[in-house]
Structure formats: C-alpha cells, structure tokens
Amino acid sequence: MGVTENRKRSMALLAGSSLILMALLAGVGYGYAFETLYVEGDTWATFQQFHQSPSLVYWVVATFVGILLLDVVVGWALYGFFYSTHSHLSMLAAVLRWVYSLLLGAALLPLLPLLDSARMQKAAEVMAHLEDFLRAWSLGLILFGVHLLVLGYLIVMSPKTPKWLGFLVCFAGICYVGIHAAQQIIADFSVYRKQIETMLSAPMALGELSLAIWLLVRGGKG
C-alpha cells in the first residue's frame, strides 16, 4: 500500500469515527436533553422542565459544541478522502460543511442566556430562546442538506465507493433541504413537520451512518 492509500485510510478512519461520535452526541444532546427540555407548543410545560432540570441546557450546549467541532474534522477528512475523485467538488463539500458549522455556532447563541437559569423567570422568554435556536439551526440544516447532495454525488463518482451509498446520502440531503426549506417558507408547516420527520428520520440518519460504517470497514482499503 502506497502513501496515498495510507493517507486515504487514515482519512476514512478519522471521518468514520467522527461521524459515529457525532451521532452519539446528537442522541444525548438533542434526542435526550433538548427533547426533554422543550415541549413543543407548551410554554408553561417547557418552563417547568427548564427550572426542574437546568442542567439539560448545559448538556445541549456542550454536546452541540462537540458536534460543531467534529463537523469541522469530518469536512477536512472527507476532503482528503475524496480529493482524488474530484478536488474541486471535495473542497466545495468541505466548505459547505464548515459554513454550516459556523451557522450552528451562531444558532447556539440564543441558548447561552439560559445557562444562568436564576435570571430566567419568564416562561415566554425561555420559550423564545429555545425557538430562536431551532429556527436558526433549521436554516443551517438547509446548507447541510446541500453539503450532503455534493457529498453523495462525489460518492457516486468515485470508482471505489458503492453507488447505493451515494444515492442514500443524496436522498438524506434532499430530505434535509426539503424539510427545512419548507419550515422557513411555509407558514403552517409546523402542523405537518412532526409527521414528515417521523417518516423520513430513519432514511435521513441512515445516509450518514451507512457512510460512517463503510468508511470504518472499507474506506481507503483499495
């Protein structure tokens, strides 16, 4: 195995392990902490959860900061892995992921005042901070979906990666763009969002998780 193959294998392991770690952090930060804290459409119940378990906000912020940093690592590792497939498109995919990371960082800013729970005495104020985070993050996820579309195309183009994997990643990208663009432009989309996300959450997660597993098991092995 030559130097290029060694480097590609290292990039594959770095990207794959980072993607798995991100999924675990998302499960804790969003799947547990945020979903426990935020009761959609119920300001008072959210306020009660906030004051009963103020540490949940710390878990959300800490895990999302970890996800943000791992996104930077994944963008760089995937750029290195797919550079030989198409240098310009691999750079575009990396830049899209890095810009998304910046948007995620900006989305976290409304959560910072909630870290001082003693100062948050109005239910409407707590709810507003949480919903500002969701709106800003949703906007960033449109760009994340575009990143997945470019990445999926790179996977399809690459002679050493399975095409079905690229199609899965592209489908996940279409789902992200469609759901979060609709959330930004359709006034009553929130009425249907839960049902749509429930139907599409599995294929959305399957794209990146399948890529992570493939990178760990087969990526860069020739």
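The following questions and answers treat the pocket, the nonpolar core and the cysteines of a predicted model.

In this predicted model, local features need pLDDT of at least 70 and side-chain atom pairs count only at pLDDT 80 or more, while totals for chains, interfaces and linings use all residues. Residues are numbered from 1 along each chain as its sequence is written, and side-chain values use heavy atoms, without hydrogens and water.

Q: Why is Cys170 called buried?
A: Buried means under 20% relative accessible area (1.4 Å probe, protein chains only). Cys170 has a relative accessible area of 17%, and is therefore buried.

Q: What makes Cys175 count as buried?
A: Its relative accessible area is 5%, so Cys175 also meets that definition.

Q: How do you know that Cys170 is in no disulfide?
A: A disulfide requires a pair of cysteine sulfur atoms within 2.5 Å. The nearest cysteine sulfur to that of Cys170 belongs to Cys175 and is 11 Å away, so Cys170 is in no disulfide. By this rule the count is zero disulfides.

Q: Which residues have the most contacts inside the largest nonpolar core?
A: They are Phe133, Trp137 and Leu215, in a core of 61 residues. Such a core is a set of buried Ala, Val, Leu, Ile, Met, Phe, Trp, Tyr and Cys residues joined through side-chain atoms within 4.5 Å. H5 gives the largest share of this core, 14 residues, where a helix is a DSSP run (H or I, at least four residues), numbered from the N terminus.

Q: What makes Tyr30 a contact of Trp137?
A: Contact means heavy atoms within 4.5 Å. Leaving aside neighbours within four places in sequence, Trp137 is in contact with Tyr30, Phe64, Tyr100, Leu104 and Ala107.

Note on methods
Buried means under 20% relative accessible area, exposed over 50%, partly exposed in between (1.4 Å probe, protein chains only). Helices (H or I, at least four residues) and strands (E, at least two) are DSSP runs, numbered from the N terminus.
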